[in-house]
Every structure is written in structure tokens, then in C-alpha cells.
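Biologist: Could you take one part of this model and go through it closely, explaining each cut-off as you use it? I would like the surroundings of that part treated in the same answer.

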Amino acid sequence: MTDMLEITDLSVSFPGSGGKIPAVRDVSLSLAHGECLAIVGESGCGKSVVAQSVMGLLPFGTEVLGRISYQGQDLLHLAERELESIRGQEIGMVFQSPERALNPVMKIGKQLVMPQVIHGLCSETDAKLRAEGVLRGLGLDAGRVMDAYPWMCSGGMCQRIVFAAVSLLHPNLVIADEPTKGLDAANVTDLEAMLSTVTAGNRTGLLLITHDMDVASRLSNRIAVMYCGMIVEEGETREVLTSPKHPYTRGLLGSLPKNGFVPIPGISPALTDLPEGCVFHPRCPHAGERCRTAVPDLKDGVRCHKC
Ligand SMILES: Nc1ncnc2c1ncn2[C@@H]1O[C@H](COP(=O)(O)OP(=O)(O)OP(=O)(O)O)[C@@H](O)[C@H]1O
Ligand code: NI
């Protein structure tokens, strides 16, 4: 089966007062139907920019190089109108702060019914029945929720409603950017259960962006670890988490509370002042001469001269 989403050599730079800001460099990733790929890494490493590139939501003036192929179409070269019809229906999005994904002055019922009708999925009557069915399936009082405004609902409820809105359109691909951030433990469990239904049936792919390794480990089949805009390691989730190869991945896992809370020495460099050679070398305990001068290729899922 060919991959539904194939990102090849994606580089994204923002214009900055002191020169270009290279937020993403040479990222290649692919995702098949029924698969969940998690992108992990610390704040600012470029995870959301990868997601925004796929959705065509980067600000005007951003330099984007490479190719993003979705079902054989190059998303980077589609007209806005074509992109709009893919976004929402074929590619669904779940973000942190579900409240912001919902229109505060429109009843939830209308927000769940209208997109189905606009995308030509069914009649308004059927759309209402489908929406009520999905809400009930998520454990909500469908009648009350349909008639409510988003601000009348709790954060956990809103996250379910956003999830209902996404799943009602039967997307091929769901992109979830930090969907569990800010939720309490019970709501995280609920949301994980919802997200795990996305890939069931092998129809839909899930691109999960998170800095929570536990969420990534429970939901994803494959994991890509980013550092300073680059993928430093990529592979089967279990393999990467149980035998990490790249020194950064090992450091990241070692810094988790359950693994002893050992911080990686040093700090991430500014994107406008990246080191020569391997971007991790100033913090790497194994760095040698070559690491200081040559950027390693991503080989067998690891971008390191020493692995
Ligand atoms: N519109 C923009 N203009 C300039 N710089 C930007 C813009 N959007 C993102 N960046 C920069 O690009 C880098 C990557 O940002 P991104 O949001 O992808 O990080 P992230 O990995 O998602 O982090 P977090 O976990 O905090 O969400 C950051 O340094 C950020 O400041
Ligand atoms: Ni982000």
C-alpha cells in the first residue's frame, strides 16, 4: 500500500529581523492508512510547523521547500480553494484548546450539522441524526449538547465535541497537535481512547504531535524525534522507546521523571545560531571531530555519526 501522506525533504524558514529562522530542516516522514505517527521533541523543535505545513496554514511570507504528497497530490502546490476542500473534510484537525476550534456564538448542533451538509455528505436531517449518534457514542447528552453554546461546556466536553466534528466528516487523516495539553488525567484517558478509534479499521491515519512521551507510547506505531527542526531518530515506537539510539533520544528519555529526571546538559541553541555539523554536538557526550563539521544523514532511522 502506498503511503497516504509522504513528506519529503521539508524545510521551512520564517523571515526574521536578523535573517531567516530555519524552523524545520530536511524533514522526511510518511504515514499509511491505519497508522499513528507521533512527532515528539521539546518545545520549539518544529513539531507544530510540520503540522502547519501539511495543513497549508503557515503565515504568508514563509519559505517552504520540499514536497508534501497527500494521496498523490502535492499539497504545497495546490490552490487555496482546493486546499480548503481537503482541509476539514479529508484532513481533520484536533488542537490543544478545543474551545478555540469552536465558534462561541453558534450552537453546537449547527456546528456539527453544517460542515456535513457543506461537504455534501448528507442532508440536514441525516446530518443531525449522525451528529446526535456520535455525541451519544462519546458519552454526551446529545439533545442538550446540540442545543448548547460551546462556552456552556467544560474543556473535556469541548474536546469531545471537536472530536465529534472531526470524525463526522470521515477524514482520511487526522492531525492532532498537543491534544492532551492542559487536560486533567481523566480527560487525557478519555481523549486517548477517542484518538485510538481514529486508526481502527485501517482507514484513517493519525499524525500525533505531542511532547508527552507516555501519550506517544500508548497511541503511536511509529515515532519521530525532532531536535532543532530536524528529525534525529525515527522508527517503531517500541523500538525507539526501549532501545533509543540517538544520544538526544536517550537524553530525552532519561530526563523523564520515571527514568530518573536526568537533564540533558546545556540548552537548545537558538534557531538563528545553530552549530555547524551535527546540531546536537555541543550537548553530546560522544561528539567527535566529524560531529563538529559534518551534518550526519538520517541513516536507518538515526541521524548520528557515532551510532
Ligand atoms: N510564524 C512564525 N514566525 C517566526 N517563527 C516561528 C513562527 N512559527 C513558529 N516559529 C518558530 O519556529 C520554531 C518551531 O516552532 P513550533 O511551534 O513548530 O515548535 P513546537 O515543537 O511545536 O513547540 P511546542 O511544543 O512549544 O508547541 C520555534 O522556534 C518558533 O518560535
Ligand atoms: Ni507546537
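Modeller: Two strands are taken to pair if DSSP finds at least two bridges between them, where strands (E, at least two residues) and helices (H or I, at least four residues) are DSSP runs numbered from the N terminus. This is a predicted model, in which local features need pLDDT of at least 70 and side-chain atom pairs count only at pLDDT 80 or more, while totals for chains, interfaces and linings use all residues. Residues are numbered from 1 along each chain as its sequence is written, and chains are lettered from A and ligands numbered from 1 in the order in which they are written.

The part I have chosen is strand 8, residues 205–209. On one side, strand 7 (residues 173–177) runs parallel to strand 8 and is joined to it by 5 bridges, with Val-174 standing opposite Leu-206. The connection between these two strands passes through helix 8 (residues 185–198), and the resulting β-α-β crossover is right-handed, a term that applies if, with the strands pointing away from the viewer, the path from the first strand over the helix to the second runs clockwise. Strand 3 (residues 36–40) is also parallel to strand 8, and 4 bridges join the two; here Cys-36 has Leu-206 as its bridge partner, and Ala-38 is partnered by Leu-208.

Burial is counted from C-beta atoms placed from the backbone: a residue is buried if 20 or more other C-beta atoms lie within 10 Å of its own, exposed if 12 or fewer do, and partly exposed in between. By this count 5 of the 5 residues of strand 8 are buried, so the strand is largely enclosed by the rest of the structure. In a regular strand the side chains alternate between the two faces of the sheet. In strand 8 both faces are covered, with Gly-205, Leu-207 and Ile-209 buried on one side and Leu-206 and Leu-208 buried on the other. As a background value, 40% of the 307 residues of the protein chain count as buried.

The sheet that holds strand 8 is open, has 6 strands in the order 6-7-8-3-9-10, and shows mixed pairing. Its edges are strand 6 (91–95) and strand 10 (230–236), each of which has a single partner strand, so one side of each is left without a neighbour in the sheet. From one strand to the next the twist averages 15°, with axes being lines fitted to C-alpha atoms, for helices over the stretch in contact, and angles running from 0 to 180 degrees between N-to-C directions. Helix 1 packs on this sheet, touching strand 8 as well as strand 3, strand 6, strand 7 and strand 9 (222–227), and its direction makes about 145° with that of strand 7; contact here requires C-beta atoms, placed from the backbone, to lie within 7 Å. Helix 11 (residues 247–254) packs on the sheet too, touching strand 9 and strand 10 at about 100° to the direction of strand 9. The loop between strand 9 and strand 10 contains Cys-228, which counts as buried because it has 23 C-beta neighbours inside 10 Å. Most residues other than glycine have a negative phi. The phi of Cys-228, however, is positive, near 50°.

There is also an open sheet of 4 strands in the order 2-1-4-5, with antiparallel pairing, whose edge strands are strand 2 (21–31) and strand 5 (73–74). Within this sheet, strand 1 (residues 5–14) pairs with strand 4 (residues 63–70) over 7 bridges, and Glu-6 stands opposite Ser-69. Helix 1 (residues 47–55) packs on this sheet, touching strand 1, strand 2 and strand 4, at about 110° to the direction of strand 1. Helix 1 also gives 3 residues to the shell around ligand 1, the largest share. That shell has 14 residues, of which Phe-14, Ala-23, Ser-43, Lys-47 and Ser-48 come nearest, a residue being near if its C-beta atom, placed from the backbone, lies within 6 Å.

For the whole protein chain, the secondary structure comes to 12 helices and 10 strands, and the C-alpha atoms fill a box of roughly 70 × 45 × 40 Å along the principal axes. Among contacts between residues at least 6 apart in sequence, 63% join residues at least 24 apart.

Technical notes:
Contact = placed C-beta atoms within 7 Å.
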